[in-house]
Amino acid sequence: MAGPVTAAARVAVIGGGPGGLYAAALLKRLDPRREVTLWERNAPDDTFGFGVVLSDETLGGVESADPAVYAALSREFVRWDDIDIVHRGTVLRSGGHGFAALGRHRLLAVLHARCRALGVTLRFRAEAPPAAELAGRHDLVIAADGVHSRTRHTHRDLFGPTLITHRCRYLWLAADFALDAFRFEIAETEHGIMQLHAYPYGPQASTVIVEMREEVWRRAGFDRCDERASAEQCGKYFADLLGDRPLRSNRSTWTAFRTVVNERWSHGHTVLIGDAAHTAHFSIGSGTKLAVEDALALAGHLQDAATVPDALAAYEAERRPAVESTQRAARASLEWFENLALHAGGPPRRFAFDLLTRSRRVTHDNLRLRDPRFVAGVEAEAGIPPGTPPMFTPFRLRGLTLRNRVVVSPMDMYSATDGTPGDFHLVHLGARALGGAGLVMTEMVCVSPQGRITPGCAGLYAPEHERAWRRITGFVHGRAPGTALGVQLGHSGRKGSTRLMWDGIDEPLPDGNWPLAAPSPLPYRPGVSQTPHSLTVPGLAAIRERFVRAAEAAARAGFDLLELHCAHGYLLSSFLSPLTNHREDAYGGSLEARLAYPLEVFDAVRAAWPADRPMTVRISATDWAPGGTTADDAVAIARAFAGHGADAIDVSTGQVVPDERPERGRSYQTPFADRIRHEVGVPVIAVGAISSWDDVNSLILAGRTDLCALARPHLYDPNWTLHAAADQGYEGPGAPWPVQYRAGSRKPPTGRRA
């Protein structure tokens with residue numbers, strides 16, 4: 001006797017795109033007793049777009065879940081391995097990538113046939129009843145109704161959507177010939193840069209997407225073109241590829257891409273999949289891929305779970321991390337193309353490498369595995385000696401030459417006594433200097449007792465501090481020759497007089513608090529933090545003099561580089577941000593006025609610091625909060641400091657206000673550094689979630705940064721740089737092992753040998 005129907009005996013599917021159709025087919029296949037009904041407002045043959053790209057990973061899931069669908073799709077696929085990048089007439093090809101695509105019409109036809117064969121009820125040219133109504137008579141409602149989902153909009157209070165409209169317009173077109181590679185091409189026109197993304201999807205058919213910034217689109221007159229005129233005009237801009245072959249459209253309209261994010265993907269027995277739940281820019285793959293993967297996961301959990309709510313919770317728990325990772329990669333790719341003008345001026349091979357690694361999913365190492373000849377060509381163009389990873393090339397800042405591109409990022413240790421660094425600092429900084437980094441930075445060294453964050457913060461405001469630091473610089477220069485040691489000078493501002501990090505970060509001291517100073521009397525955490533007093537002009541002058549004296553002491557102590565800390569909500573940073581600077585005098589108001597005091601301090605310190613030694617500035621490139629510092633502001637701030645003589649800008653973000661909402665992810669702050677480097681023309685240090693030597697090589701070779709600062713990796717492994725060299729088989733001058741450690745310069749074997 002047959003057992004009970006698995007979870008969701010009656011299923012309603014809203015939307016007949018690939019995600020909805022595949023979910024319907026899978027659910028019916030897994031339990032033929034299910035009643036599955038799908039509504040689609042359009043006719044069966046109606047579709048938008050042309051080709052669909054699917055990954056091998058997605059196809060593997062399809063093959064496992066439904067071999068019949070996989071077999072039908074496999075007969076339709078066009079496969080290829082190469083990517084062509086066209087840059088100012090130069091065509092560069094990179095191989096080994098692996099793609100599979102087919103026509104969207106054919107994909108839908110396969111899924112229609114499979115649904116009918118399994119007994120799914122398909123209702124075309126029929127508007128689905130509202131989700132709430134369907135939920136009243138079905139066990140499960142699957143909203144696969146696309147980026148403009150009516151279900152999501154109607155129940156926005158339940159799903160919590162955020163929709164972001166981006167800065168480019170794009171148009172889906174097709175050409176009646178098959179390319180032999182995925183093709184990226186730019187057209188530098190009198191109106192601005194336009195880009196083409198194209199790939200084959202049939203024996204005589206290719207998808208062609210034309211994209212450009214909104215302002216370029218308007219200057220080119222596309223806002224006044226109908227569908228046919230748009231296709232004709234796009235063909236003219238990319239005539240070198242197309243020749244006399246026309247582009248055709250299919251109800252194609254210019255669209256600005258929208259990123260869709262939802263706080264929740266389900267409510268009750270209604271669930272969002274595909275573009276209704278999330279979108280990812282087409283430049284890293286297909287929305288169809290994500291929708292199909294959603295359908296696979298949802299069907300699997302409905303099969304295994306005891307109840308529908310349990311299945312929906314498990315589905316979201318499985319899919320959300322993967323989708324968020326894809327969306328981060330897509331956002332990086334999208335923003336790279338939005339800012340294409342920044343990158344187009346570089347040499348052709350670096351441009352191609354930058355394009356291929358833009359999403360951070362393709363890296364130097366895996367691209368070298370896919371196409372070693374291509375990567376070797378990029379490295380040769382950059383002047384990198386054969387066998388030398390990019391991270392182990394030297395870099396010059398003023399009179400200082402760093403032997404490699406790795407920086408040990410400043411990390412507060414909260415282990416000083418009355419500002420004096422002790423044995424812990426000697427061992428901590430000495431170990432990392434022996435570990436191979438080109439530049440080792442101290443924690444923020446405070447310029448006065450009142451400028452400390454905690455009682456454990458190091459300082460440079462007393463003679464004993466200078467002597468203690470000289471002991472450390474002497475060790476580094478004597479025992480780790482070739483390693484530079486930098487000092488970061490700062491003042492805590494409104495974020496001072498707090499407990500040690502491990503006793504309660506940003507919590508005021510239980511007793512013994514000292515008065516705080518800031519541009520404006522605004523506590524860091526209202527109701528928790530102490531309220532600072534607003535600095536007067538004489539008070540500003542006194543603190544500026546503290547910075548000068550600390551810089552003079554740092555020079556005498558033997559530091560090789562000085563960094564001025566203008567980030568993370570400390571004193572100088574709080575002058576820069578409109579969220580923390582509400583002054584109405586010459587030091588507040590416009591960005592130019594907010595820059596005035598930090599620039600005064602910079603000029604005074606630069607004058608006191610030896611002329612041959614470099615000086616850098618750390619900034620927060622965004623506050624990650626409405627009304628705060630923006631990426632545009634960061635460019636202006638960097639340009640101002642560079643104009644006053646900063647040798648490099650150390651580009652961090654945030655930590656200015658407690659209610660920030662950072663968009664974290666792998667090397668998530670690097671795009672800010674990349675933009676500053678290209679727009680301002682100043683060397684930059686990238687920092688933030690850079691953890692692997694592969695990331696460092698990728699960022700350096702792509703020209704997104706000049707130096708990479710890593711913090712936590714160096715806490716985990718003081719010898720991170722030397723181990724990176726060993727992992728890559730590098731034994732050159734960029735990573736010399738201390739003579740005492742040379743016997744361990746090769747990675748120990750693992751396992752047992754007979």
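Where is I505 found? The first view below takes up that question, and the others move on through this predicted model.

**View 1. A nonpolar patch on the surface.** I505 sits in the loop that connects helix 19 (501-504) with strand 23 (517-518). Together with M501 and W502, I505 makes up a nonpolar surface patch, and the three share about 340 Å² of accessible area. I505 counts as exposed because its relative accessibility is 53%, and the cut-off for that word is over 50%.

**View 2. A salt bridge in the loop that holds I505.** Here we stay in the loop between helix 19 and strand 23, where I505 is found. E507 and R525 join their side chains in a salt bridge, at 3.4 Å from N to O. E507 belongs to the loop between helix 19 and strand 23, while R525 belongs to the loop between strand 23 and strand 24 (533-534), so this pair ties together parts that are 18 residues apart in sequence. Both partners are partly exposed: E507 has a relative accessible area of 28%, and R525 has one of 25%.

**View 3. A network of salt bridges.** R169, E214, R218, D223 and R224 are joined into one network by salt bridges that share partners. For the wider setting, the structure holds 45 salt bridges.

**View 4. A salt bridge between two loops.** E127 and R41 meet through their side chains in a salt bridge, with 3.5 Å from N to O. E127 comes from the loop between strand 8 (121-124) and helix 5 (131-135), and R41 from the loop between strand 2 (35-40) and strand 3 (51-54), so the pair ties together parts that are 86 residues apart in sequence. With a relative accessibility of 48%, E127 counts as partly exposed, whereas R41, at 51%, counts as exposed.

**View 5. A salt bridge with a buried partner.** D84 and R93 form a salt bridge in which the closest N and O atoms are 2.6 Å apart. D84 counts as buried, at 6% relative accessibility, but R93 is partly exposed, with a relative accessible area of 38%.

**View 6. The closed barrel.** Eight strands make a closed barrel in the order 20-21-22-25-26-27-28-29, and their pairing is parallel. Direction ignored, neighbouring strands of this sheet are turned by 25° against each other on average. For a closer look at one pair, strand 21 (residues 439-446) and strand 22 (residues 484-490) run in the parallel sense and are linked over six bridges. C446 stands opposite G490, a residue of strand 22.

**View 7. A helix across three strands.** Helix 23 (residues 631-643) lies across strand 25 (561-566), strand 26 (615-620) and strand 27 (648-652). The helix runs at about 165° to strand 26. Strands 25, 26 and 27 belong to the closed barrel of the previous view.

**View 8. Two loop residues with positive phi.** S497 is not a glycine, yet its phi is positive, at about 55°. This serine lies in the loop between strand 22 and helix 19, and at 2% relative accessibility S497 counts as buried. A689 also has a positive phi in a residue other than glycine, with a value near 55°. A689 has its place in the loop between strand 28 (684-687) and helix 25 (693-702), and A689 is partly exposed, with a relative accessible area of 40%.

Note on methods:
Residues numbered from 1 in each chain as written. Predicted model: local features only at pLDDT ≥ 70, side-chain atom pairs only at ≥ 80, totals over all residues. Heavy atoms only, no water. Patch = residues over 30% accessible without salt bridge, like charges linked within 9 Å, V, L, I, M, F, W, Y side chains within 5 Å. Areas by Shrake-Rupley, 256 points an atom, 1.4 Å probe, with all protein chains shown as cover. Salt bridge = Lys/Arg side-chain N within 4 Å of Asp/Glu carboxyl O. Helix = DSSP H or I, 4+ residues; strand = E, 2+ residues; numbered from the N terminus. Buried < 20%, exposed > 50% of the residue type's maximum accessible area, 1.4 Å probe, protein only. Pairing = 2+ DSSP bridges. Axes fitted to C-alpha atoms, helices over the stretch in contact; angles between N-to-C directions. Contact = heavy atoms within 4.5 Å.
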